[in-house]
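Here is a short set of questions and answers on one protein model. Look at the sequence and structure before reading on.

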Amino acid sequence: MDKERKLIIAGNWKCNKTVAEALDLVTGLKRELAAVKEVDVVVCPPFTALESVSRAILDSNIRLGAQNFGENGYGAFTGEIAAGMLKEFSVGYVILGHSERRQYQKENDALIAKKAAAAHAANLVPIVCVGETLLEREAGITNQVVETQVRGSLAGLSPEQVERTVLAYEPVWAIGTGKTATSAQAQEVHAFIRGVLTALHGEAVAKRVRIQYGGSVKANNARELLGQPDIDGALVGGAALEVRSFADIIKNSI
Ligand code: PGA
């Protein structure tokens, strides 16, 4: 696929995989994806598997991401993980503002913006997730919701930091449900998001930001979705848990 921006496909393993299972998965991915240069491939295991996965992918083109981190750094923050701890395992990316964390941990745009700034300060690339619920889509306020999330979650970042940030548009109604946005629906929101970025930081910056689509991405819909001009990759949940399905998404997108 000839794209304006290099595709980035990330696997969000969520709260899944023991260390042994994580190693199995990543060993299979290394084998399947050894020749892939056209796409940035990222895996985001749970914290407990970061160290083993990081060792396993040392000699590969697979990159490592975390699913969250504590924005306050080291200190008396029981239960948190500091950016510096992630860097010990060569983590390069961190998913922020996933709808599950917005829903269950009550994360809001202000907190996500704080984490995004802390991520950049630590040289981690944030993958900032935004997306509307089914109720919001049905109420016709998708653009409004997404614009508020984009502006709020990127608040305070410099244009250079925004340029290096990855956004993920994930309609909440499409996550883990088997319902995918049609490629036209997804492209429409992606183009809208790029318009918001243009309004914020100008066209040159907006053109460089990679915007992933997420929500029931599978091998059989990846090509069509990733073929859209403003869709620059995918954030994959369920289908990232098996070698075959994740590798096929990547191969089908090339
Ligand atoms: P899904 O999850 O691919 O299982 O829909 C995507 C995500 O939550 O990032």
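The questions below deal with the ligand and with a pair of helices in this predicted model.

Q: Which residues come nearest to the ligand?
A: A residue belongs to the group around the ligand if one of its heavy atoms lies within 4 Å of it. There are 13 such residues. Those that come nearest are K14, H98, E170, G176 and S216.

Q: How far from an oxygen atom of the ligand is an N or O atom in the side chain of K14?
A: A polar contact needs a pair of N or O atoms within 3.5 Å. A polar side-chain atom of E170 meets this, at 2.7 Å from a ligand oxygen, and G238 has a backbone N or O atom 2.8 Å from a ligand oxygen. For the side chain of K14, the value is 2.7 Å.

Q: How much of the area that the ligand exposes when taken alone does the protein bury?
A: Taken alone, the ligand exposes 280 Å². The part of this that the protein buries is 97%.

Q: At what angle do the axes of helix α1 and helix α12 cross?
A: Two packed helices are described by the distance between their axes and the angle between them. Helix α1 covers residues 19–33 and helix α12 covers residues 243–253. Their axes come within 9 Å, and the crossing is right-handed. The angle is roughly 35 degrees.

Q: How many nonpolar residues does the contact of α1 with α12 have?
A: The contact includes L25 and L29 of α1 and F246 and I250 of α12. By class, it has four charged residues and one polar residue. The number of nonpolar residues is seven.

Definitions and conventions: Residues are numbered from 1 along each chain as its sequence is written. This is a predicted model: local features need pLDDT of at least 70, side-chain atom pairs count only at pLDDT 80 or more; totals for chains, interfaces and linings use all residues. Side-chain values use heavy atoms; hydrogens and water are left out. A polar contact is a pair of N or O atoms within 3.5 Å; within protein, one must be able to donate a hydrogen and the other to accept it, and residues adjacent in sequence count only if both atoms are side-chain atoms. Accessible areas come from the Shrake-Rupley method with a 1.4 Å probe; for residues, only the protein chains shown count as cover. Axes are lines fitted to C-alpha atoms, for helices over the stretch in contact, and angles run from 0 to 180 degrees between N-to-C directions. Helices (H or I, at least four residues) and strands (E, at least two) are DSSP runs, numbered from the N terminus. A crossing is left-handed if the near helix is turned anticlockwise from the far one by less than a right angle, and right-handed if clockwise. Contact means heavy atoms within 4.5 Å. Ala, Val, Leu, Ile, Met, Phe, Trp, Tyr, Cys and Pro count as nonpolar, Asp, Glu, Lys and Arg as charged, and the others, Gly among them, as polar.
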